[in-house]
Amino acid sequence: MSGIIRKYHSFLPINDRFIVTLLEGNTPLLPAPRLAAKIFGSLLKNPPELYLKLEGLNPTGSFKDRGMTYAVSKALEAGSQAVICASTGNTSASAAAYAARAGIRAYVVIPKGKIALGKLSQAVMHGARVVAVEGNFDEALRLVKEIAQEGGVTLVNSINPHRLEGQKTAAFEICEQLGGPPTHHLLPVGNAGNITAHWKGYREFCQTSPTSPTGRTILPKMLGFQAAGAAPIVLGHVVKEPRTVATAIRIGNPASWQGAVAARDESSGVIDKVTDREILEAYKMIATLEGYFCEPASAASVAGLNKLARQRYFGEGDRIVCTLTGHGLKDPDNAIRISRSPVTIKPELKKLIKALKL
């Protein structure tokens with residue numbers, strides 16, 4: 001176990017003595033046959049291979065750790081003693097944890113009332129100074145960019161290029177785990193850094209890996225999904241008041257907008273939107289069919305899969321990866337809200353048998 005910087009050092013150059021790691025990466029690529037059967041059962045005789053990349057099993061519970069290890073390491077290498085970010089949750093947790101590991105300060109600016117408490121608790125516990133602004137994520141990001149421009153503190157949002165360099169390693173791992181790239185890769189899209197980074201990772205990995213018998217490597221189609229109430233790329237304009245139950249992708253003006261569009265166009269892929277109802281349906285399907293608990297934003301990838309499957313987008317020979325970006329314990333309130341409450345009974349065997357419907 002070494003963390004992604006040491007594992008992929010040739011892709012992530014840095015002086016080794018500045019590496020800050022929590023041994024992130026090496027997350028499971030989980031086969032999902034029951035989910036595939038549910039989605040494709042009535043549509044295709046033989047469902048495609050379907051895999052879930054469990055990024056919620058990174059140290060702070062989300063994919064953000066891949067970019068943060070490199071961003072904080074490079075900040076330390078440059079002599080910085082503090083990092084700052086705007087966040088809807090996962091970035092704040094990751095930035096605070098890696099800053100604590102590095103022994104430097106972390107400052108976090110969040111939109112008031114629009115962050116899951118599970119994520120906020122992480123940032124606070126890691127010792128970050130957290131300030132809430134009466135506005136949305138985009139306004140918070142504008143403020144921290146202005147602070148970073150004054151110097152003395154390093155911005156670690158995904159506009160920091162080191163973040164995307166670290167995040168691209170998930171594509172490396174998928175290629176290693178599958179023995180080559182998938183045919184399709186589906187991801188949630190919020191600030192759009194992840195789909196941008198994955199496309200970069202696939203291109204770089206395939207440039208250095210053996211080619212297929214035909215002499216070329218087929219890169220995956222990149223398929224990104226925004227929440228319908230926060231879908232600026234799909235709509236073609238900034239959404240001033242983004243709304244969705246999926247707080248991690250509640251962003252109206254993505255920092256990596258152009259990178260996401262390039263990933264879509266260069267891969268002949270798709271960026272589409274899914275409703276909150278579709279997201280929550282996928283959220284429950286993942287948990288009940290495959291035993292993995294992800295946060296609602298993660299489920300946008302599977303909601304998108306479900307939507308495109310009904311449109312007959314996929315074929316029987318396809319090999320599909322859906323990224324689940326964060327763990328469900330990041331946002332337990334939504335799970336409790338949409339789930340059945342426990343039944344309360346007297347401590348009697350007959351009543352228990354009746355309640356359990358045995």
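This passage describes a six-stranded sheet, the helices that lie on it, and one pair of packed helices. The structure is a predicted model, in which local features need pLDDT of at least 70 and side-chain atom pairs count only at pLDDT 80 or more, while totals for chains, interfaces and linings use all residues. Residues are numbered from 1 along each chain as its sequence is written, and side-chain values use heavy atoms, with hydrogens and water left out.

Helices (H or I, at least four residues) and strands (E, at least two) are DSSP runs numbered from the N terminus. An open sheet is formed by 6 strands in the order β1-β2-β10-β7-β8-β9, with mixed pairing; two strands pair if DSSP finds at least two bridges between them. At the edges stand β1 (29–31) and β9 (270–274), each of which pairs on one side only. Neighbouring strands are turned by 25° against each other on average, direction ignored. Strand β8 (residues 221–227) runs parallel to β9 and is joined to β9 by 5 bridges. Glutamine 226 lies opposite lysine 273 in β9.

Helix α9 (residues 193–208) packs on the sheet and touches β7 (184–188), β8 and β10 (319–324), contact meaning heavy atoms within 4.5 Å. The direction of α9 makes about 170° with that of β8; axes are lines fitted to C-alpha atoms, for helices over the stretch in contact, and angles run from 0 to 180 degrees between N-to-C directions. Helix α11 (residues 257–266) lies across β8 and β9, at about 115° to β9.

The axes of helix α2 (residues 33–40) and helix α13 (residues 300–310) come within 9 Å and cross at roughly 35°.
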